[in-house]
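User: I am a first-year student, and I would like a close look at one part of this model. Please walk me slowly through a single strand and the sheet around it, explaining each term as it comes up.

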Amino acid sequence: MDRHRLTQRPTRLISPSSLLRRRQGNSFEMATLLCSMLLGAGFQAFVVSGVARAETVECDLRESPYPYQMPAPKVEEEQKAKPTTGSKYKLRPLPDLRSHLEENMAELLRQKEAAEQKIKDEALQRTLEELELQPVDKYHFRRSHAWVVVLDNAPWVTVHTAVHKTDASPKMLTARFFEPSTGFICETHCKQYILVDSVWNQYNYYVNKQEYQRVSEIRWDLRDTTDWEHILPGEPPEMRTYVVHSDENLADLVHPIQDEHHLDTIRSWVMRLHIGAKEFEERFPKLEKTVYYQKAKHERYSPYSQRTGKVMQLTLYSDDEYNQPTERWEFFENRTDKLISIKYNYETSETEENFAIGRNDNSLYYLRIETDSVTLQYKERSDFCYYQLFELKANSNFLKDIAVRSFLLLSHKITLKFHYARGALTASTCEFTKPPKPDYGQEIMFDLNLVKLYKANAADTDPTQLEVYRLMLAQLDYEDKITKQFEKIVEENNQILDQRRYEHENPVLTFCIFDGLRNAAARNSRLEKKEKEDAYKRNVQTKPADFLAPYLVIYKNRALTYDESWAAYKACLNDLKSRFVFLLNDLQRQYEDLITESKSLKRFLNKFENQFNNFDYEQLVQEAKQINLNKRMVQQRLTITHEEAQKKYETVKQSLINDPRLNLVKEQEKSITKG
């Protein structure tokens, strides 16, 4: 990098909005943008122009440790049992009558050594501070840089009087530095900044007039004109401080600040800063950013910019040249397989994968693959299994040790270890050499020479051959059961590994339905599908009913003969006629029921007219009127249905005759021509 260029201040500054579009600029441009955002958020922020160290100006973080917290796997902590409170009444402990002289002397010696070490550390610290003040090279005090300072307890924010009177010793303000190139925040005693020449905001430009050796010694009360020169007078009155002694009159010092006003600050020439969803999501130049720290490489990517959904990758190295990696962390978002992170160890070739809750393969949320084992952890499985560990043995497909049973599959042996007998120093054992499998329908041949039995207690009775034979049959059955169960687990494990291999080769990303940047295509496809469905519904509604379609299904879209056409024609008309007859008969039945009910109610009223009160009589009269109204409506519907049935029947009959699928007209014309 050109050192001469780093020692010069920029001759022009682009606007903050242009910087947002370009996503790259010098320190002055980035500090102006950061200060604008902090001012909009309500902070008392100022742009600082000064001198910084070479690594700060060049944004070289290779000597800085990784600033973020190292990712750690999520481990569910076991709930510790609460200690039970003891009894209310306790015995007083016995007094300690031992001498503690040696312990006290050792403690005094440790305190003396600690005090001497503290003095040495302070002397070393003073030496280092003196060395820090010395220039590293000829460009040490010439590297121009800009950053942002935020005053947390600025008193002028809450001052509303015209003149603010203070003592001769103003209160020190606390300040924090914001580095615009990295976003890191530090206190004023940090070593990366050397000089502060001036600061400015939207109101004024302040030049530093203080004498200091370190930036931490600067007083940040900008109202004090003895420390800060106000280049643009005319600022608000609360931004000016007058120091009044006992023998001075405040009225003699106060004069209108507006009389000093002779130049305005430059007005804003850009529109209001706005960071849209797309700009905020992309955030990096070319959608990615790589930062080198001390023995660490930190890569960040914009969401959805990588095909795999990767948003961050952290690689740790054992050397400063970044040639020998030790560990790699990869973090993902918006994955359909719920993958969160992958950790890979270059030394042991171990791979750990972490998943979010919601996977379909038995709620897998942790997968660790090592050279000799595979570890799986689950959550909320139906069989309550939450942990599985598979050991991969060399020269063996599978080997299972179950408590006191050992099935040696390659050696075709079964070893049993029994519980310790009372008074025995060793445990009894039994070893079976599995006999060959018999033919179908035959029993297993038992040979006592294939059994090795050791009795720890010689006084125990020897088991009979039948007992040993039954024990061997039971172990063989148990071995078959365990083998099938293990093969099922291995198959499930292989399916999970195959699924993870497929998901790794074909990653699929998801997005929220409210994502306006990527949901447009899905929204357009849904709108097109809805338009097609609406068009189909309109076509079905406007298209006349096809009465003949159900009767042509049995012919499978082939041409019909004259007899088949005539049969379909008659079947369609007969069904239509039956439907109309059924509807007319139903209406006629309803009409007759209403007539019968009306006559019955009329006879009831005439017979018991004098036995009802006025309310009940009115209720019955209203019911009779409702029955008569329903009778007239059913009668009118019956008449209209009868008339429309004849018209519809004739219309359907004529449409069937003219339907080209039946060919009735052509057949009739052919018969007439032949006649």
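**Strand β7 and its sheet**

Analyst: Strand β7 (residues 205–208) has two faces, a covered one with Tyr 206 and Asn 208 and an uncovered one with Tyr 205 and Val 207. In a regular strand, side chains alternate between the two faces of the sheet. Strands here are DSSP runs of E with at least two residues, while helices are runs of H or I with at least four residues, and both are numbered from the N terminus.

The model is a predicted one, in which local features need pLDDT of at least 70 and side-chain atom pairs count only at pLDDT 80 or more, whereas totals for chains, interfaces and linings use all residues. Residues are numbered from 1 along each chain as its sequence is written, and side-chain values use heavy atoms, with hydrogens and water left out.

Turning to the neighbours of β7, strand β6 (residues 193–200) is joined to β7 by three bridges, and the two run antiparallel; two strands count as paired if DSSP finds at least two bridges between them. The connection from β6 to β7 is a hairpin of four residues, and Val 199 stands opposite Tyr 206 of β7. Three bridges also link β7 to strand β8 (residues 228–230), again in an antiparallel arrangement, with Trp 228 of β8 as the bridge partner of Asn 208.

These strands belong to an open sheet of seven, in the order β5-β4-β2-β1-β6-β7-β8, with antiparallel pairing. Its edge strands are β5 (185–187) and β8, each of which pairs on one side only. Neighbouring strands of the sheet are turned by 35° against each other on average, direction ignored, where axes are lines fitted to C-alpha atoms, for helices over the stretch in contact, and angles run from 0 to 180 degrees between N-to-C directions. Helix α3 (residues 27–40) lies across β1, β2, β4 and β6, running at about 10° to β2, and contact means heavy atoms within 4.5 Å.

Val 199, the residue opposite Tyr 206, also appears in the largest nonpolar core, which has 23 residues and in which Leu 151, Phe 177, Val 196, Val 199 and Trp 220 touch the most other members. Such a core is a set of buried Ala, Val, Leu, Ile, Met, Phe, Trp, Tyr and Cys residues joined through side-chain atoms within 4.5 Å, and buried means under 20% relative accessible area with a 1.4 Å probe, protein chains only. Strands β1 (45–52), β2 (144–151), β4 (175–178) and β6 each supply at least two residues of this core.

Terms used: Buried < 20%, exposed > 50% of the residue type's maximum accessible area, 1.4 Å probe, protein only.
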